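Subject: Structure handover

Hello,

Here is the structure I promised to pass on. Please open it alongside this message; my notes follow below.

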Amino acid sequence: MSKSPSTPTVADGTSRPLHAGLSLTRRERPASTFFLVFAAALVLPVLLFASFLAWMHVEAEQARAVEWAQSLARELSVAVDGELAGPRLVLEALATSDELQRGDLEAFHVTASKIARTLGVTIVVRAPAEPRQLLNTSVPWGTALPVAKPEMLSFEQQVLREQKPVVTSAFVGPLQKRLMIGVIVPVLRDGELVYFLSLRIPVERLQPVLSQAKLDEGWLAVVTDSTGTVVARSIDPASFVGRKAPAEWMSRASNMEGLWRGKNLVNVDVVAAYARSPETNWLTTVSVPMSVLNAPIWQALASVLTVGFLLLLVSIALAYWSASRLASAIGALQSAGFELERNEGVSAIATPVREINEVGRVIASAATEAQRREAHLRSILATVPSAMVVADSRGKIQSFSATAEKLFGFTAGEVYGQNVSMLMPEPDKSTHDGYIERYLKTGERHIIGKGRIVLGQRKDGSTFPVELYVGEAEADGERLFTAFLQDQTEKHRVEQELRQTQKMEAVGKLTGGVAHDFNNLLTVIKGNLEMLEAKVGDKYRTYVGEAQEAADLAAQLTSSLLAFGRRMPLNPQLSDVGELISDTGDLLRRTLGETIVVRTGIRSGCHAVVDEGQLKNAILNLAINARDAMPKGGTLALEVSKAELDRDYALNRPEVRPGQYVLIAVSDTGTGMSAKVREHAFEPFFTTKPQGAGTGLGLSSVYGFVKQSGGHVALYSEEGQGTTVRIYLPLAIEKGAETPGAAAIPSLPKGDDELVLVVEDDERVRRVTVARLESLGYRVLQASNGPEALSLLERTPEIGLLFTDMVMPGGMTGAELAAAARQRSPEIPVLFTSGYAAPEIAGQVNSRAGPWLRKPYTASDLAWALRRTLMKETASAG
C-alpha cells in the first residue's frame, strides 16, 4: 500500500501516527521510584511483622514474669507461715507442761526463760481474768508486769472463742520497745481455758525469708499483717517496716491471691502479685515496676528498628542498583517499542534481565511478523483486482493502494490529503461531500455497507464502471471510510460478448427459419419457372431466364443464411485440414491477383471432422474480405496448426470448451477494423462495403458454419494493422494415436527468480499472464503500452526478459519496443506474442527479431517458450 512518506501506516490500512489521540492522565515517574517504593513495601511489612513478633514475645515474657511473681508470692506466703509455725508448735508443747498445768508459774518461768533465750523470743502468760501479765520471760520473776495491750486482748478473745492458736498483728512490745508479732495458744485444764500463753517474735525474724527469695533486679517483696502493717520488706526494710500499706492496696487485694496495678509506697507504678495466708490472713506481695516489665519491649523495638533501618538502607541500595540496571533495560525495551511504532526493523535486545530480553525478543518477532504481514498485505493489495481507498470523515484521502494507483492513474503522493471526490465524475463529484455530511448527521446510508456500480474518473479524465463497497470503522475517535473498488470494464465487456453471442444465436435461429421457409418458396418458384420456360416462346424466354438467375441468387443468399443459422446440411468427414488449406492456397494465388501475396504455414497431422466444401467456402469468403481490405495489395497468410484452448481462455468465453483444436488462421495486412466494426462483424447483413458491393453475409456464414461444426471463431483486428480470423475446429484423434491425456504430462520448466517485463494492452490477458509467470517462479513487472514499458526498463536495469504483444495502442508496436529496448540493453531477450498470424508469415517483422508465441497460448506453451528464449540468450552470451 502506498502512503504519505512521513506518516507511518497502521494495520487497518490507514496512514496516521500510531500514538495519535493518546493523552497522559497520570503523573509519570521514573521506574527507579517504583523500585524504591517496592523495596520499602517489601521491608516495611517485614519490619512490622518482626515488631509484632517482638511485641508478642515481650508480652509473653511479661505474662511469664507476672506468673512468676504470682508463684513467688505464694511461695513467700507459705515460707512466712512456715516461719511462724515453729514458735506455735513450741507454745503448744509448753501449754501442756506440768508446771503450767499445776499453776506453778515460777517454775514455768524458769523453763520458759531457757526456751525463750534459745529461740530469741519472749514468752508471756496471762490469765483471762487478770488484766496484767502473769509471766514475761524478758524480765526476772517477780518484776511488775504491764497491763495487756488492747489489740492483744482482741486476739486473746479470738483464742477464747476458737480454742486454737492465733497469730497477732505487729505491735510494739511494752517492755521490749520494738515491733513484735505474737503467737497465742490456749492453756486448757479439764477443758477450761486457764491461761493465754503467747510468744513474742521480733519482726526482724521474718526478714531472712524475703532476703533468701530469688528476686530479679527491681523486684520487691513485702509482707503485711492483717491490719496492713508492713512486717517485712526485701528492699530497705528499716525505712518501711511498721508503716501502714496504702488502703488502695488492701482494697484491691481482697481475694486469696491475685494481681493489681498501682503505685507502691515510693510512688512507683508497679504490677503486684499477692497471696493471702489462710492461717494468718497476712498478705505477701511481690511487685514489679512497670519500667522493668516494659524494658524488654523497648529493647526489642530498638533492636528491631535498628536492624530494620539497616535492612531498609541495604534494600534501598540494592533496589537503586537494580532499578538503575532495570531502568537501562526498560530503556532498551522502550527504544524497541519506538522502533516498532516507526515500523522499523527491531533487533533482539540484550540486557541483564531475562524477562525483558524475552519481551524484547517477542517485540522483535512481532515487528518482523508485522513487517511480514504488512508486506503480505501490500502484496495482496498490489495484486488483487480490488483497489482500496481510505478517507476520513472530511472526505480526505488517507491511504491509496497500489492497485488504486494503477486503476486511476494517480500516485499515492498525488492524492494523499485530497478530497476523494477527485476520483469521481460529475454529478457525483459535486454531491459527495454533502452526502458525507448528511450521513454523519442522520446515519442514513446509501452506499456504506452496500455494493453498487458507479463511475470512476481516471487522471486523464476518462470514466469507467467500478463496483464499489464502502465500510466504516472508528479509530481513536475518528471515523474512517474504506472503499474497495473493482474495475467492471472487463466484466461489462464479457457480458456484452455474452449478449452478442445470445443475440447471434437468436438472429441465427430467426434467419435459419426464414431461410428454410424461403427455400421452400424458392423451390416452388424455380419449379414453376422451369415448367414455364418449356411452354413459352422465345419472346419470353429472356424474362424467364432472368427470373431463374434471380432465384439462383436468392438460393445462394438463403444458403448463407442457413449457414449462419447452423441449418446448412453438412457432410462432415475426417479431413486433413492442412492438405485442404494448402490446396485452397494454391487456388487463391491464381485467383486473387498479383498484388496479393499468399503465404502459408501448414503443420502436418491436423485432422478434423468437417465438411470440406463448406470449409473451402469459408476460407474463400475470408480471402475475399481480406482482398477487399487490401485495395493496394498486401499479404494474405494462411496458417494451420494444432492449438489448445485451456480453462483460462474459456473462463471468459462461455461458448468455448477447453480442449485440443485445429487452428486455421487467415490474416491480412489490410486496413483493419475499428472496435465498433469488430462488435458487429459477424452479424448477418452487416457490411462496411459500398452499397451493392457485398451482402454482409460472408463473415456471418463463416461464423455459423464453424459453430455448426462444433468450433470457435476469434477475430483480431486493429485499424491500420490488419485482421486475423482464427477458426478452431475440434482436433480429430486417429485410431491408434495417443490421446493428449494418455501420455505422461511432463512437469513445466520453472523460472529461476528472473525478472520478466510483460507488455500487454489487454488487461485481462495481462492479468492471466502475470499470474502464470508468478506461479512458474518468475518475478514480474507489467506495462500496458510501449512508453510505459520503456520507463520501467529505464528504472529497472535488472529486467531479464521482455515479453511483449506485437500490436498495441499508443503508436508503438512490439517490434519497435524491442528495438528501443535493445538500444538500451543489447543483450536483453525478447519474446513476442500476437493474436495475428506469425509475424514472419504476415511479413510484419524479420524472424530474427525474436521468438514468437501465438495467442491464445497455454501455461505449458508459455513456460517452454520462456525457457527456450532464456537458454538461447544464455548460450549466445556464452
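How many bridges join strand S18 to S20, and do they run parallel or antiparallel? Seven bridges join the two, and the strands run parallel. S18 covers residues 596–602. Within this pairing, valine 598 faces leucine 636 of S20.

One caution before the rest. This is a predicted model.

S20 has a second partner. Strand S21, residues 659–668, is joined to S20 by 10 bridges, and here the sense is antiparallel. Lysine 642 stands opposite valine 662 in S21. S20 itself spans residues 634–645 and is mostly covered, with 10 of its 12 residues buried.

Overall picture

The protein has 878 residues, and 44% of them count as buried. It contains 24 helices and 28 strands. Take the contacts between residues at least 6 apart in sequence: 60% of these join residues at least 24 apart.

Nonpolar cores

The largest nonpolar core has 46 residues. Leu197 and Trp282 have the most contacts inside it. Helix H1, residues 31–94, gives the most to this core, with nine residues. Which residues does leucine 197 contact, leaving aside its neighbours within four places in sequence? They include Leu91 and Leu94. Ala95, Leu100 and Phe108 are also among them. So are Ile123, Val124 and Val125. Val183, Ile184, Val185 and Val187 are on the list too. Another core, of 37 residues, lies apart from the largest one. Ile581, Ala681, Ile727 and Leu729 are among its members. In soluble globular proteins, nonpolar side chains tend to be buried together.

A hairpin and the aromatic rings

Strands S12 (residues 386–392) and S13 (residues 397–400) pair antiparallel over three bridges. Valine 390 sits opposite serine 399 in S13. The two strands form a hairpin, with four residues between them. Look at glycine 395 in the turn: its phi is positive, at about 85°.

The count of aromatic pairs comes to three. One of them joins phenylalanine 400 and phenylalanine 408. Their ring centres are 6.3 Å apart, the planes meet at 45°, and the pair is tilted. Both phenylalanine 400 and phenylalanine 408 are buried. Ring pairs link Phe400, Phe408 and Phe464 into a cluster.

There is also a charge over a ring. The charged end of arginine 233 sits over phenylalanine 240, 3.8 Å from the ring centre.

Two threonines

Threonine 723 lies in strand S23, residues 722–730. Is threonine 723 buried or exposed? Its relative accessible area is 7%, so threonine 723 is buried. Its side chain makes a polar contact with the side chain of serine 717, at 2.8 Å.

Threonine 804 belongs to strand S26, residues 801–805. Threonine 804 counts as buried because its relative accessibility is 0%. Leaving aside neighbours within four places in sequence, threonine 804 is in contact with Val759, Gly814 and Leu817, among others. Its further contacts include Val830, Leu831, Phe832 and Thr833.

Best wishes

Conventions. Residues numbered from 1 in each chain as written. Predicted model: local features only at pLDDT ≥ 70, side-chain atom pairs only at ≥ 80, totals over all residues. Heavy atoms only, no water. Buried < 20%, exposed > 50% of the residue type's maximum accessible area, 1.4 Å probe, protein only. Contact = heavy atoms within 4.5 Å. Polar contact = N/O pair within 3.5 Å; in protein donor to acceptor, adjacent residues only side chain to side chain. Phe/Tyr/Trp six-rings, centres within 6.5 Å; stacked < 30°, edge-to-face > 60°. Lys NZ or Arg CZ within 6 Å of the ring centre and 35° of its normal. Core = buried A, V, L, I, M, F, W, Y, C linked by side-chain atoms within 4.5 Å. Pairing = 2+ DSSP bridges.
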